[in-house]
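Thanks for coming. I will take you through one structure, starting in the sheet and finishing with the chain overall.

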Amino acid sequence: MRLRPEDIPASGLRVEFDLGPGGAAADGLAPGRLSDPLEARFFIEPVGEGVRVRGAVTGRLVLACQRCLAEASREIDLAVDVILSPLPEEFPEEFQLDRGDLEAVYFEEEVDLDRVVLDQVELSLPMVYLCREACPGICPGCGADLGREACRCGEGPPDPRWEKLKDWRPR
Ligand SMILES: [Zn+2]
Ligand SMILES: [Zn+2]
């Protein structure tokens, strides 16, 4: 959902919208994916040159373990309170150096509320998601999911048909 800042009355505006799975905006979500729509309920009001967005985002996200790729569903229930500023015509010289500026949220012609939802959800996620702290992951040799099955790398006697290839080297 997008809003033109001039359409937001001084008394504020209440908006509710869903951000469904499969939408272009939701595709950009990292590192999870949506299983159900995210629901946003915002109160939006002008603050000086900017726009303040307050409210809540709820929904469900599917995250894949970064070691074994097992997926788990995670509840999203976030309180949101962000101020978006108009994008400056020219960035001041010191812009690059100020971390605060880099984390600020800007808008141009329109305020992109989908982006606000996705940014807030992303910020709430752990940097590295593991299904459990000690997840052993996947064996790079045999592909066994070591949390559920044994490594098959050293398994069984080698097939005799391959024996003669053992000492083969490319010339
Ligand atoms: Zn795992
Ligand atoms: Zn293995």
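Arg33 has Val62 of strand 5 as its bridge partner. Helices (H or I, at least four residues) and strands (E, at least two) are DSSP runs here, numbered from the N terminus. Arg33 belongs to strand 3, residues 33-34, which pairs with strand 5 in the antiparallel sense over 2 bridges. Two strands pair if DSSP finds at least two bridges between them.

Before going on, some ground rules. Residues are numbered from 1 along each chain as its sequence is written, while chains are lettered from A and ligands numbered from 1 in the order in which they are written. The model is predicted: local features need pLDDT of at least 70 and side-chain atom pairs count only at pLDDT 80 or more, whereas totals for chains, interfaces and linings use all residues. pLDDT is the predictor's confidence in each residue, from 0 to 100.

Back to the sheet. What joins strand 5 to strand 6? The two pair in the antiparallel sense, over 14 bridges. Val51 in strand 5 has Leu84 as its bridge partner in strand 6. Val51 also stands opposite Pro46. Strand 4 and strand 5 run antiparallel too, joined by 9 bridges, and Phe42 stands opposite Gly55 of strand 5. Going the other way, strand 2, residues 13-19, is joined to strand 4 by 7 bridges, again antiparallel. There, Val15 stands opposite Phe42 in strand 4.

Now the turns. Strands 4 and 5 form a hairpin with 2 residues between them, and Gly48 in that turn has a positive phi of about 55°. Strands 5 and 6 form a hairpin as well, this one with 6 residues between them. Leu69 sits in the loop between strand 5 and strand 6, and its phi is near 70°, a positive value in a residue other than glycine. Most residues other than glycine have a negative phi. Is Leu69 buried or exposed? Leu69 counts as exposed because 11 other C-beta atoms lie within 10 Å. The cut-offs, with C-beta atoms placed from the backbone, are 20 or more other C-beta atoms within 10 Å of a residue's own for buried, 12 or fewer for exposed, and partly exposed in between.

Next, the core. A nonpolar core is a set of buried Ala, Val, Leu, Ile, Met, Phe, Trp, Tyr and Cys residues joined through C-beta atoms within 7 Å. The largest one has 19 residues, and Leu38, Ala40, Val117 and Val121 touch the most other members. Strand 4 (38-47), strand 5 (50-64), strand 6 (71-86) and helix 3 (113-124) each give two or more residues to this core. The largest share, 5 residues, is from helix 3. As for Ala40, leaving out residues up to four places away in sequence, the residues touched include Phe17, Val57, Leu113 and Val117. Touching here means being in contact, with C-beta atoms, placed from the backbone, within 7 Å.

Helix 3 has these buried residues: Leu113, Val116, Val117, Leu118, Gln120 and Val121. Its 12 residues should span 16 Å at 1.5 Å a residue, and the end C-alpha atoms are 17 Å apart, so the two agree. The expected span is 1.5 Å times one less than the number of residues.

After helix 3 comes a loop leading to helix 4 (160-163), and Gly154 lies in that loop. Gly154 is exposed because 7 other C-beta atoms lie within 10 Å. Between Gly154 and Cys142 there are 9.3 Å in space, C-alpha to C-alpha, and the two are 12 residues apart in sequence.

Finally, the chain overall. Its secondary structure comes to 4 helices and 8 strands, in the order β-β-α-β-β-β-β-α-β-β-α-α. Of its 171 residues, 14% count as buried. Among contacts with a separation of 6 or more, 56% are between residues 24 or more positions apart.

Where is confidence lowest, and where highest? Helix 2, residues 99-103, is lowest at a mean of 46, and strand 4 is highest at 95. Over residues 97-103 pLDDT stays under 50, and the model has 1 contact there beyond four places in sequence. The chain averages 82, and 77% of the residues score at least 70.

Note on methods:
Two residues are in contact if their C-beta atoms, placed from the backbone, lie within 7 Å.
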